[in-house]
Amino acid sequence: MHGQVVEWLGRRIVSGELSDGSQLPNEAELAAQLKVSRGGVREAVKALAAKGLVEPRPRLGTRVLPRREWNLMDREVINWHGEVLDLDFLNNLLELRLMVEPGAAQLAAERATDEQIAVLDSAYAGMAEHAPGLPATENAFVQADLTFHLTLLRASGNPLIEHLGRLLETSLHHGLEASSHAPGGVQAALPLHRAVLVAVRGRRPTAASRAMRRLIETTSQAVEQLTELSARS
């Protein structure tokens with residue numbers, strides 16, 4: 001039961017509905033509002049405190065902490081950001097990807113196994129198959145896109161890079177989903193995915209790195225367009 005309370009409060013904190021420095025309702029009020037036990041509320045607050053979202057203070061209540069205190073690598077925190085389409089968070093993610101993925105693509109061109117290249121081939125084929133049907137085929141397209149990027153990170157042969165991919169899987173999913181909504185984003189991204197694939201398959205590390213950098217920069221431009229559209233609406 002406390003998991004539902006964590007979700008309810010976590011979403012409201014990340015969305016800004018419960019803002020930095022604001023006070024949570026007390027234990028009894030939350031228990032009555034959410035129809036759960038006070039023990040469930042207490043456990044939920046502990047879980048949120050472990051994520052850096054809140055600070056329980058004896059006799060003073062629980063306050064929401066500034067974003068800089070949050071554990072932004074926590075899977076649930078990442079997921080809540082994606083659900084509210086936090087464009088600042090997506091841009092931060094793109095900056096991180098720009099630092100990691102071109103290097104991973106370079107290593108993948110040197111180290112990828114035949115099996116991993118086959119998975120990249122299949123993932124790209126899935127993207128190409130489902131792109132014309134968007135937005136109806138969005139889930140299948142995004143899943144193929146996610147498989148492509150996670151496989152590339154794994155193909156780097158570096159366990160730390162692979163682990164980072166698993167850690168960022170949820171945020172990658174939301175980021176790819178958001179960029180697929182941007183006008184022209186998919187049409188621009190497909191040939192760049194193919195360029196990465198061809199370079200990795202051809203064992204051309206520098207070309208793979210450059211193609212991945214262009215891909216992420218193009219995705220960044222798509223997210224900028226999405227930000228502008230969001231600001232106008």
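Begin by selecting helix 5, residues 87-111, and colour its buried positions, which are L87, F89, L90, L93, L94, R97, E101, P102, A104, A105, A108 and A109; buried here means under 20% relative accessible area, exposed means over 50%, and partly exposed lies in between, with a 1.4 Å probe and protein chains only. Helices (H or I, at least four residues) and strands (E, at least two) are DSSP runs, numbered from the N terminus. The model is a predicted one, in which local features need pLDDT of at least 70 and side-chain atom pairs count only at pLDDT 80 or more, while totals for chains, interfaces and linings use all residues. Residues are numbered from 1 along each chain as its sequence is written, and side-chain values use heavy atoms, with hydrogens and water left out.

**Along helix 5**

Stay on helix 5 and compare its two ends: its 25 residues reach 34 Å from the first C-alpha to the last, close to the 36 Å expected at 1.5 Å a residue, where the expected span is 1.5 Å times one less than the number of residues. Now centre the view on R97, where helix 5 has a kink of about 35°; the bend at a residue is the angle between axes fitted to the seven residues ending there and the seven starting there. R97 is also among the buried residues of this helix.

**A cavity beside the kink**

Keep R97 selected and add L96, V100, E101, L153, L164, G165, L168 and L172, since together with R97 these residues line the second largest cavity, which holds about 60 Å³ of space. On a 1 Å grid over the protein atoms alone, a cavity is a set of points where a 1.4 Å probe fits but cannot get out, whereas a pocket is an open set with protein on both sides within 12 Å along at least five of seven lines, and lining residues have an atom within 4 Å of a point. Grid points are joined across faces, edges and corners, and a volume is the space filled by probe spheres set on the points. Helix 5 supplies the largest share of this lining, four residues, and helix 8 (159-167) also supplies at least two. By class the lining of the second largest cavity has six nonpolar, one polar and two charged residues, with Ala, Val, Leu, Ile, Met, Phe, Trp, Tyr, Cys and Pro counted as nonpolar, Asp, Glu, Lys and Arg as charged, and the others, Gly among them, as polar.

**The largest cavity**

Next select D145, S179, G185, A189 and T219, which lie nearest the centre of the largest cavity among its 16 lining residues. Helix 7 (138-155), helix 9 (169-181), helix 10 (185-201) and helix 11 (205-232) each give two or more residues to that lining, which divides into seven nonpolar, seven polar and two charged residues. About 120 Å³ of space lies in this cavity, and the structure holds three cavities of 30 Å³ or more.

While helix 9 is in view, colour its buried residues, T170, S171, L172, H174, G175, L176, A178, S179 and S180. L172 also belongs to the lining of the second largest cavity.

**Three places in the loops**

Move to the loop between helix 6 (114-130) and helix 7, where P135 is placed; the peptide bond from L134 to P135 is cis, with omega near 5°. In the loop between helix 10 and helix 11 select R203, whose phi is near 60°, a positive value in a residue other than glycine, and which is partly exposed, with a relative accessible area of 35%. K35, in the loop between helix 2 and helix 3, has a positive phi of about 60° although it is not a glycine, and K35 is exposed, with a relative accessible area of 72%.

**The largest pocket**

From K35, go on to Q23, L24, P25, N26, E27, L30, V41, R42, V45, G61 and T62, the lining of the largest pocket, which contains about 160 Å³ of space. Helix 2 (27-34), helix 3 (38-50) and strand 2 (61-64) each give two or more residues to it, and helix 3 gives the most, with three. Five of the lining residues are nonpolar, four polar and two charged.

**Zooming out**

Finally, show the whole chain, which is divided into domain 1 (1-69) and domain 2 (85-231), with bounds from an automatic or database domain assignment. The centres of domain 1 and domain 2, taken over C-alpha atoms, are separated by 35 Å. The chain has 11 helices and two strands, and buried residues make up 44% of its 233 residues.
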